[in-house]
Amino acid sequence: MVIKKAHVETTDRMLRTLELSFLNEEEARAFHFIPGQFCELSIFGKGEAPFGIASSPTENGSLKFTINKAGVVTTALHHIEEGAEIGIRGPLGNGYPIDLFKGKNVLVIGGGFAFTTLRSLVAYLLHTENRSKVNEITVIYGARMPGLLLYKEELLEWEKRNDLKLIVTVDWGDKDWKGKVGFVPNVLEEVAPSSKNTYAVICGPPIMIKFTFPKLMALRFPNERIFTSLERRMKCGIGKCGRCNIGPLYVCKDGPVFSYAQLEKLPKDY
Amino acid sequence: MEANWEPKILAFLCNWCSYAGADLAGTSRIQYPPNIRVIRVPCSGRINPLFVLKALQGGIDGVLVSGCHPGDCHYLSGNYVGRRKSATLKRFLEYLGIEVGRVQFSWVSAAEGGKFSQVIEEVTQDIRRLGPAKQFRKRSDEFGVQSSE
Amino acid sequence: MIQQKIREIARELLTKKEVDLIIGFGEGTLPLRTTPRFMRNAEKTDRLIWNSFCENNLAVYLPKFSRFKVGLVVKGCDARSAVALSLEKRFKADQLFLIGVPCQRMVDRRKVKRAVRGEILQAREEEGILYIKGDGFETKLNREDFLYSSCQVCIHRTPLQANVLVDDPVEEYPLTEIHPEISAFEKRSSEERWRFFEKETSRCIRCYACREACPMCYCAECFVDSSRPKWIEKGLNSSDLQFYHVVRAYHQTGRCSGCGACERACPMEIRLTYLTQKLNQEVKERFGFETGIDRDAPPPLATFEAEDKQEFIK
Amino acid sequence: MKFKLEKNDFPSFLQSLIDRYDLYAPVKLAEGVSIYKKIDHPDEVDLSILNPQKPAKDIFFPQSETMFRYEKVGKQNQMISMEEGKRDRILFGARACDIEAISIIEKVFVGEEYTDVYFLEKRNKTTIIGLGCNHPLSTCFCSSAGGDPFLRAGSDLFFIDLGEAYLVELLTEKGMAFHKNKFFRETDPKDLTLVKELEEKAFEKVGFSIPVDGIEKRLDLMVENPFWDKIHEKCIGCSVCTFLCPTCHCFDIVDETSKERGKRVRNWDSCLSALYSQETSGHNPRPSGRERMRQRLMHKFYYFPKNFHRIACVGCGRCILYCPVNFDIRQAIDLTSPKRIKKMKGEVI
């Protein structure tokens, strides 16, 4: 694929969003995915790494990935110029269970740069063709600092909509920050969305997920209606190389999206 | 040995003395063989044995580490500590079967442009006599599309 | 009896709660083997054993238990590793109680296996004789003929650094020659020496058992695992294998107690101690340093003398 | 179909294989150390070690395997996949446990959804000649682990050492291709009786003493058992057991480069190494030996059977023989038995 556009998302310059377009129409048409799936992006000489797809299937023609600069591949993806070619394998994994959401409320809880696939999900649900399929959409999104929030312009647009309830919070505010300050699990407790007829979707750092589960339990969300997208070190992405299993399940192949009902029975290897 | 083989020598020069010595050799127009590639390091004590091995692995035929004379270290004792590392590393590599002279050490001060050129001359001659380094060298034809692997 | 004494001391330490756990040797599941045991219960200290097969260097576990008070059963070499570790502040000296065993030197199980035909099913030792029983054979071997080569050249068998010695110090054998194997090796040409190194390392399977079995290999990130910078690749390229073994050994300069744990751990039986022993010898000759003897002497490569020899420097 | 191969003819037979195939067989590297390797000369084949250190999986899933190579030509990336040699391959002299293990790995690599082409191509091109195990070691427990010393499943041809000769069984279509081999002679009824005796002797020696039966159900209840707090303690975290295990199949994928040229390589990896599961962020879902040892044992005896209906252990005993600290998987299995668990409380092994 070709890097169509690239821009830095956050003030610490650690997150960069790449917009990729396919080399030819045929490939673009053949690529179908659902929110929550991921791809392996590959740069020759550096290697391959998995990234959740940040764009929605409803945004035709290109794919977006937001990349946190951490290792060898991600650093290379931060330095890559517009117009360069990179390799892609995917879509991989199961994605969010969007069929289950039909006629229900959806509560989206995100933290930090894990918001990427949730952005895909929300954009998908907000699309005119899909919006009527689900009832209320509530989004709780937190970052450490205001400068680290992703997709700021889009968040402003979502804020204006009346068919979506958006709560943005930061762990530490600054002088310009007028919004909420507080950790995501606490904000969740405070907002206390009703669990009635509602599915919860969580994605964030392991520590946030760990503290959010009990809050959802307290709000009487049944285990089967809590979904989370997990992160694990991956190599092959297709359940062969072995490293991403949680019990008998492989995050790359059977996940990355799991219900809490599934996870409850497994070792806490995440 | 290839007919027109020229030794490739990597010189790690400390910023404060040997690098300045090389500079002086240059500005004084003192001739020395063009076989060296220079990497400037803050101090001869900065040399990690990994650097030396990595150079040999990547196709370098000889390595020179050069720093300030004892007592002249910009960081007071860097070259003293480096000297211990160099001594053990050199003996160890020779014990393994790396030829004597493949990895060399020198003290060159900022005022010794002449000595610098002389050291380079000697090292180049030594390496030329030893021929291309074989130990540790990685074959580069393992990579790429036209590989013979 | 050494074994009895170890049990008594261990029991006492645990009962008086002077240590949280004892790390010693227990019965192995294979003939000619023992296995590390972690003992927290004073009642069970009679499961600790001592014989000629206590080949592991238990100091390797110390960094892992740095938050506990540990009673450690040590031979001469193990004790010196423990001292070297506390010198590098991996472990506070007062958290450690060394139960020192003057070492009768350990039996090389591979040498014994090579001396017999067929699988060994039972091994027992008595008065310096190994009684070996196998599939259809039975034999007696003289223990002294089957010692580990690292034990044969050991000159610090009594762990003088220990908090308690379970037996009288053994008589140390000052070697006439520093290390016969090394001096023989050094007489060979550089091509022959390189060929030997090449052949040995070519068997390496990158399992890193040599690294993990070594008490001194505790780096949070080993140079082989570093991706930035990436020093070497992780495959089986001969150059990478050589690179790994040179650096692994060299990183032990002035830190190796010569216990031979690296070589014993290697499933491919790569000769490794001829590398580390050479470095030990070099450090001793050049800097007069021996690992773990002097509790206060800094590691030789972390210090210097203005008068250090520099005959090799132009 | 059964034949006999005189040992006098054995070198010539091997040579005839070398002429037509890429032959892989055990080769001695040093005293007591051998691996499976491509054979150039019949003399290299060494069957004296029961199981070479490196298992036969190395022939189908090499420890370090180039997947493809690439090069930058101008601004374009060019890439080529690695191709297997043109010749068919023979694996000779592997024991039943190693061969059984290949079919275990195959369950993972040849899946419904995705197939590992690198493995499959090698597998399809290879004729497997198994060798009966007349003298199993005391560390062998293949019978307990669902196999036996003379298990033919997975072999195309099967050899049994009769002393002066080999009994040769042709078992599959690939094996039947050898029925006109000029070195094969007719068998004697005597030989078959001898085979029977050898089998019985070996079966008796291996026995069924390791309580593998039902371990999946036992481990299901042990995910958070205090058992895991202690059992890993002596493990030093090297990769001997996993690399030498014929069924372990985890790998890592890395790029190796030299200037503008490079290759993508996959190397064996081990769940006992700390970096195996370490994420780029620094978070490690299996932060200590406890989780890593649990992963190794649970994967073999619980997760794998759950997905593929067979434990991922063939009882070859390599992990027992070569462990630097004498961690014995038989003991670990034994300790999961309910009465042991109850008795143990704090002290394990």
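Reader: How many residues do chain C and chain B each put into their contact?
Author: Keep in mind that this is a predicted model: local features need pLDDT of at least 70, side-chain atom pairs count only at pLDDT 80 or more, and totals for chains, interfaces and linings use all residues. Residues are numbered from 1 along each chain as its sequence is written, while chains are lettered from A and ligands numbered from 1 in the order in which they are written. Two residues are in contact here if their C-beta atoms, placed from the backbone, lie within 7 Å. On that basis, chain B gives 31 residues and chain C gives 30.

Reader: Which element supplies the largest share of chain C's side?
Author: Three elements of chain C give two or more residues each to the side touching chain B: α6 (190–202), α8 (238–250) and α10 (273–287). (Helices are DSSP runs of H or I, at least four residues; strands are runs of E, at least two; both are numbered from the N terminus.) The largest share, 6 residues, is from α8(C).

Reader: And how many residues on that side of chain C are nonpolar?
Author: Ala, Val, Leu, Ile, Met, Phe, Trp, Tyr, Cys and Pro count as nonpolar, Asp, Glu, Lys and Arg as charged, and the others, Gly among them, as polar. Sorted like that, the side of chain C touching chain B has 8 charged and 6 polar residues, and its nonpolar count is 16.

Reader: What pattern does chain B follow along its sequence?
Author: You've got 4 strands and 4 helices to place in chain B. Read along the sequence, they go β-α-β-α-β-α-β-α.

Reader: What's the radius of gyration of chain B?
Author: The C-alpha trace of chain B spans about 50 × 35 × 30 Å along its principal axes. The radius is taken over C-alpha atoms, and the globule rule is 2.2 Å times the number of residues to the power 0.38. For 149 residues that rule gives 15 Å, so chain B is as compact as a globular protein of that length, with a radius of gyration of 16 Å.

Reader: Over in chain A, how far apart are the centres of domain 1 and domain 2?
Author: Chain A splits into domain 1 (2–92) and domain 2 (105–229), with bounds from an automatic or database domain assignment. The two do touch: 17 residues of domain 1 are in contact with 13 of domain 2. Domain 1's touching side has 9 polar, 5 nonpolar and 3 charged residues. Taken over C-alpha atoms, the separation of the centres is 23 Å.
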